[in-house]
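I opened this notebook to keep a record of what I looked up, entry by entry. The headings give the topic of each search.

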Amino acid sequence: MLCLGAVISVAVGCGGPTAQVSGHARFDDGSPIKGAVRSIIFVPTDDTTAEVRQSASGSIADDGSFTLVRRKAGDGVYKGKYAVTFMILKDPKAGGLLVPEKYTFRDDTPFTVEVTGDRDDLLFELEKP
């Protein structure tokens, strides 16, 4: 019985390899991000410590809120370092990028995040094109 208690304590204490991540994105003048496609993508960096190198993404709602998932709601993000990219398009078929191109590539984005645990306070402010 004592051994089982120790195992449970360790499992709860480390929090597992994933975290729940959410926040808001908007333009740097405070205006909401508009577009038919509004996605935020966390892409593992070359120096990430993530146990599994897997991207996570989420749709940006009308109010700017987002929640990241790997495959399905609630599965979280592997803890590690990520480049934060965005795909904001005028039309899902025709395209029409509505943010500066630098936000769409891992190596060009000015945003990086180290996920070490659950986060619900992230805020990204993007320049308008």
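**Entry 1: a salt bridge of Lys-128**

With which residue does Lys-128 form a salt bridge? I found the partner to be Asp-29, and the closest N and O atoms of the two are 3.2 Å apart. I note here that the model is a predicted one. I then looked up where the two residues sit: Lys-128 lies in the segment after strand 10 (119–126), whereas Asp-29 belongs to the loop between strand 2 (21–27) and strand 3 (37–44), so the pair ties together parts that are 99 residues apart in sequence. For Lys-128 I read a relative accessible area of 44%, which makes this residue partly exposed.

**Entry 2: other salt bridges**

How many salt bridges does the structure hold? The total is eight, and I went through two others besides the one above. The side chains of Arg-119 and Asp-121 meet in a salt bridge with an N to O distance of 2.9 Å. Arg-119 counts as partly exposed at 29% relative accessibility, while Asp-121 is exposed, with a relative accessible area of 51%. Salt bridges that share partners also join Asp-46, Arg-106 and Asp-107 into one network. Within that group I looked up the salt bridge between the side chains of Asp-107 and Arg-106, where N and O are 3.3 Å apart. Asp-107 is exposed at 65% relative accessibility, and Arg-106 is partly exposed at 27%.

**Entry 3: Asp-75, a charged residue without a salt bridge**

I turned next to Asp-75, which I located in the loop between strand 5 (65–67) and strand 6 (77–78). Is Asp-75 buried or exposed? Asp-75 is buried yet has no salt bridge, and Arg-70, the nearest side chain of opposite charge, is 4.3 Å away. Because a salt bridge requires the side-chain nitrogen to be within 4 Å of the carboxyl oxygen, I left this pair out of my list. What I did find is that the side chain of Asp-75 reaches the backbone nitrogen of Lys-72 at 3.1 Å. Leaving out residues up to four places away in sequence, Asp-75 touches Thr-18, Gln-20, Val-69 and Arg-70.

**Entry 4: the nonpolar core**

Which residues have the most contacts inside the largest nonpolar core? This core has 26 residues, and those with the most contacts inside it are Ile-40, Phe-42, Phe-86, Phe-124 and Leu-126. At least two of its residues come from each of strand 2, strand 3, strand 6, strand 7 (80–91), strand 9 (112–115) and strand 10. The largest share, four residues, is supplied by strand 7. I followed up Phe-42 and, not counting residues up to four places away in sequence, listed its contacts, among them Val-21, Leu-68, Tyr-82, Val-84, Val-113, Leu-122 and Phe-124.

**Entry 5: the pairings of strand 7**

I then looked up the neighbours of strand 7. Strand 3 and strand 7 run antiparallel and are joined by eight bridges, and in this pairing the bridge partner of Ile-40 is Phe-86 in strand 7. Strand 7 is also joined to strand 9 by four bridges, again running antiparallel, with Gly-80 standing opposite Val-115 in strand 9. Two bridges join strand 7 to strand 8, and these strands too run antiparallel. A hairpin through three residues joins strand 7 to strand 8, and Asp-91 stands opposite Gly-95 in strand 8.

**Entry 6: Gly-95 and Ser-22**

I kept Gly-95 for a closer look, since the residue lies in strand 8 (residues 95–97). Gly-95 is buried, with a relative accessible area of 18%, and touches Leu-89 and Lys-90 when residues up to four places away in sequence are not counted. The C-alpha atoms of Gly-95 and Val-37 are separated by 8.9 Å, although the two residues are 58 residues apart along the chain.

Where is the place of Ser-22? I found Ser-22 in strand 2, buried at a relative accessible area of 17%. Leaving aside neighbours within four places in sequence, Ser-22 is in contact with Phe-66, Thr-67, Arg-119, Asp-120, Asp-121 and Leu-122. Two of these contacts, Arg-119 and Asp-121, are the partners of a salt bridge entered above.

Methods. Residues numbered from 1 in each chain as written. Predicted model: local features only at pLDDT ≥ 70, side-chain atom pairs only at ≥ 80, totals over all residues. Heavy atoms only, no water. Buried < 20%, exposed > 50% of the residue type's maximum accessible area, 1.4 Å probe, protein only. Lys, Arg positive; Asp, Glu negative; His and termini not counted. Polar contact = N/O pair within 3.5 Å; in protein donor to acceptor, adjacent residues only side chain to side chain. Contact = heavy atoms within 4.5 Å. Core = buried A, V, L, I, M, F, W, Y, C linked by side-chain atoms within 4.5 Å. Pairing = 2+ DSSP bridges.
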